[in-house]
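User: I'd like a close look at a single part of this model. Could you pick one strand and walk me through what surrounds it?

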Amino acid sequence: MKELRLFVEWGTHMMKIKFNFFKKLMIYSIFLAFISVAIVQILNLISLDHFYIYRKKLELPLIAKKIEEFANNESELNSYIEAISSDGIQVNYGNMNINHRGKNTGKRNNFLLQNTLNLNEASLIKTKMGGRHLVYYTVINNTPLILTLPLVALENYKYEAFLIQGISMFIAIFISLLLGGYFSKKLTKNLEKLNIAAHKIADLEFVEKLDIESGDEIEELANSIEKMSSELNQSMSSLKSFVGNASHELKTPVSTINMISQNLRENRDLTQSERKKLYNLLIKESEEMNELIQNLLILSKITYSKNLLHYEDFNLKGLIQKVLYKYELLELEKNIDVNVKGDEHLIIKTDYKFFKIVVENLIQNALKYSLENESVHIEFNQKTLILKNKTFTNLNEEALNLFFPFKRGESSVGKDIEGSGLGLYIVKNILELLNLKYKIKIVEDNFYFIIYFS
């Protein structure tokens, strides 16, 4: 039982042995070389003899026709018979009996006496001594013609061929071993680089250049890993910055709510008017925090919705009017005149829910950052959607900076304009998700946001 247990443990250990890619590639290379040579060897062993005899059976009738053509011209006939005799073919025609050396032996071939040959047919004849002959029998001008091809040379050739092939097999395996080792090492060297790079990326150690120039799919994979590493590095940096800003933005309303709550609890001498004011501040801060949380949830949803988009046809003017109705109170408070111009029957096709968030953010921003008693212009056609509003004269910023998270324009500073600074950042991410191009244009005190449908 002990020996059996040891044997089982040894077998289990052998099953756990792992071969690295280099060893596997080497084994596959040698195996393929061996199989290739072995297949050639087996095919020769099985079919060489039959194939040679088959070809000669087709060739002998053609030789007989040539002899028939030269039957009336003794000189040409002799020349042709001597020519074919050099290939080992013996010709017995009339008084002619020429062997494979091209000499007339003057002896009659006795195949007709010893064997029954079929007319116009090549037959394989075995002699008493164990030899084999391929014999073709026909009659030309009432004269028998017998073509005889001894197969002794084929037997010798088969032995030599198999010997050479056996030697070739070992040479091929040896060369495959050398070349397989060279190319396997070269290939696995690049794979090892990729493996190291992948482990570094998994540990958030991003790589810049792998220096792999193989001109094949491995180089393409290396380029993809480099690109992935660069994008992950940028994403991680953006995420750290975003989390830091989000934490800071959430900390402010939470601290304010906490301070107001403590004041309401501990200060019992507050008047009704003061309490109402503090309650309004609580509501305001909680609403701002709720807006910020909702925006963060939208951004989180954008990151995993690339393959979950639902494209549908909808009326653009109907969507704009629905959003304007939602922010009608803000419009009335600032006495802003909203002008909508465009084909009321225009249909666009994209993800309705995400595009609605874009329109909501853009219209809300246009109303919030517009001056009182001014106008907001919304114009659209099959190619573009343009929102224009007149803002504060001190708006002096790089347009791209406005897309940064928690970035608020100078026009909002000191103007008591509420907002989280995530509106345009959300718009940017959604439009990129929907593959829609966009642009911000600032001309003096006019702010334009343009979306391109084509």
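Analyst: Here is a tour of one strand, its partners and the helix that lies across it.

Keep in mind that this is a predicted model. For orientation, the protein chain has eleven helices and twelve strands. Buried residues account for 37% of its 454 residues. Take the contacts between residues at least 6 apart in sequence, and 60% of them join residues at least 24 apart.

The part I'd zoom in on is strand 9, which covers residues 375-380. What are its two faces like? Val376, Ile378 and Phe380 make up the covered face, while Ser375, His377 and Glu379 sit on the uncovered one. In a regular strand, side chains alternate between the two faces of the sheet, and that's the pattern to have in mind when you look at this stretch.

Now for the neighbours. Strand 7 (residues 337-341) runs parallel to strand 9, and five bridges join the two. With strand 10 (residues 384-390) the pairing is antiparallel, again over five bridges. The link from strand 9 to strand 10 is a hairpin, with three residues in between. Glu379 is a handy residue to follow across these pairings: it is the bridge partner of Lys341, and its own partner in strand 10 is Ile386. So what you have at Glu379 is a residue on the uncovered face of strand 9 with a bridge partner in strand 10 as well as Lys341.

Zooming out a little, which sheet does strand 9 belong to? It's an open one of five strands, in the order 7-9-10-12-11, with mixed pairing. Strand 7 and strand 11 (437-443) are the edges, each pairing on one side only. On average, neighbouring strands in this sheet are turned by 10 degrees against each other, ignoring direction.

Next comes helix 8, which lies across strand 7, strand 9 and strand 10. Relative to strand 9, helix 8 runs at about 160 degrees. This helix spans residues 316-326, and its buried residues are Leu316, Lys317, Leu319, Ile320, Val323 and Leu324. Looking down the axis of helix 8, you'll find those buried residues within an arc of 160 degrees, so they line one face of the helix. Tyr325 and Lys326 are exposed, on the other side of helix 8. Have a look at the start of the helix too: a side-chain oxygen of Asn315 comes to within 3.1 Å of the backbone nitrogen of Lys317.

From there, it's worth a detour to Glu360, which belongs to helix 10 (residues 352-368). Is this glutamate buried or exposed? Its relative accessible area is 13%, and the cut-off for buried is under 20%, so Glu360 counts as buried. Leaving aside residues up to four places away in sequence, Glu360 touches Val323, Lys326 and Tyr327. Two of those names come back from helix 8: Val323 is on its list of buried residues, whereas Lys326 is exposed.

To put the strand together again: strand 9 has strand 7 alongside it in parallel, strand 10 in the antiparallel sense, and helix 8 lying across it.

Definitions and conventions
Residues numbered from 1 in each chain as written. Predicted model: local features only at pLDDT ≥ 70, side-chain atom pairs only at ≥ 80, totals over all residues. Heavy atoms only, no water. Buried < 20%, exposed > 50% of the residue type's maximum accessible area, 1.4 Å probe, protein only. Helix = DSSP H or I, 4+ residues; strand = E, 2+ residues; numbered from the N terminus. Pairing = 2+ DSSP bridges. Contact = heavy atoms within 4.5 Å. Arc of directions from axis to C-beta. Polar contact = N/O pair within 3.5 Å; in protein donor to acceptor, adjacent residues only side chain to side chain. Axes fitted to C-alpha atoms, helices over the stretch in contact; angles between N-to-C directions.
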